[in-house]
Amino acid sequence: MKKSNMKKIFAGLSAACVIASALPVAGTAISAAAADIVYGDANCDGTVDISDAVIIMQSLSNPSKYGSEGSDS
């Protein structure tokens, strides 16, 4: 398998893990302080959805544009 394909697979799996980790577990209580934190919300819009996975994969595949020092907001 090519190295670029491995990177894409890793990025996809990483994004899926981030989204899955943000899903609530049945029967768990959330405290008031923890309710303000939205884990997995990469684009800071208040929800965790496919757009968060996309921005994570973009930042991994093109850090010069989407990374912390990138040119795109």
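**Two buried aspartates in a four-helix model**

Good morning. I begin with Asp52, a buried residue that takes part in no salt bridge; the nearest side chain of opposite charge is that of Lys65, 17 Å away. I should state at once that the model before you is predicted.

Where does Asp52 lie? Its place is in helix H3, which spans residues 50-61. As to what its side chain does reach, the partner is the backbone nitrogen of Asp49, at a distance of 2.8 Å. If we set aside the neighbours within four places in sequence, Asp52 touches Gly40, Asp41, Ala42, Asn43, Asp45 and Thr47.

One of those contacts, Asp41, deserves its own discussion. Asp41 sits in the loop that runs between helix H2, residues 32-35, and H3. Asp41, too, is buried and without a salt bridge. For Asp41, the nearest side chain of opposite charge is again Lys65, here 19 Å away. To which backbone atom does the side chain of Asp41 reach? It extends to the backbone nitrogen of Asp45, at 3.2 Å. Beyond the neighbours within four places in sequence, the contacts of Asp41 are Gly46, Thr47, Val48 and Asp52. Thr47 therefore appears in both contact sets, touching Asp52 as well as Asp41, where contact means heavy atoms within 4.5 Å.

Let me now place this pair in the whole chain. The protein has four helices and zero strands, and from the N terminus onward the order of elements is α-α-α-α. How much of the protein is buried? Of its 73 residues, 10% fall in the buried class, and both Asp52 and Asp41 belong to that class. Turning to contacts with a separation of 6 or more, 26% of them join residues 24 or more positions apart.

I close with the surface. The protein exposes about 5,600 Å², of which carbon and sulfur atoms supply 62%. Which residues make the nonpolar surface patch? Met6, Ile9 and Leu13 make it, and its area is about 290 Å². Met6 is located in helix H1, residues 3-22. With a relative accessible area of 46%, Met6 is classed as partly exposed; Met6 can therefore be counted in a patch, since patch residues must have over 30% relative accessible area.

To summarise the central point: Asp52 reaches the backbone nitrogen of Asp49, Asp41 reaches that of Asp45, and neither Asp52 nor Asp41 has a salt bridge. Thank you.

Notes. Residues numbered from 1 in each chain as written. Predicted model: local features only at pLDDT ≥ 70, side-chain atom pairs only at ≥ 80, totals over all residues. Heavy atoms only, no water. Helix = DSSP H or I, 4+ residues; strand = E, 2+ residues; numbered from the N terminus. Buried < 20%, exposed > 50% of the residue type's maximum accessible area, 1.4 Å probe, protein only. Lys, Arg positive; Asp, Glu negative; His and termini not counted. Polar contact = N/O pair within 3.5 Å; in protein donor to acceptor, adjacent residues only side chain to side chain. Areas by Shrake-Rupley, 256 points an atom, 1.4 Å probe, with all protein chains shown as cover. Patch = residues over 30% accessible without salt bridge, like charges linked within 9 Å, V, L, I, M, F, W, Y side chains within 5 Å.
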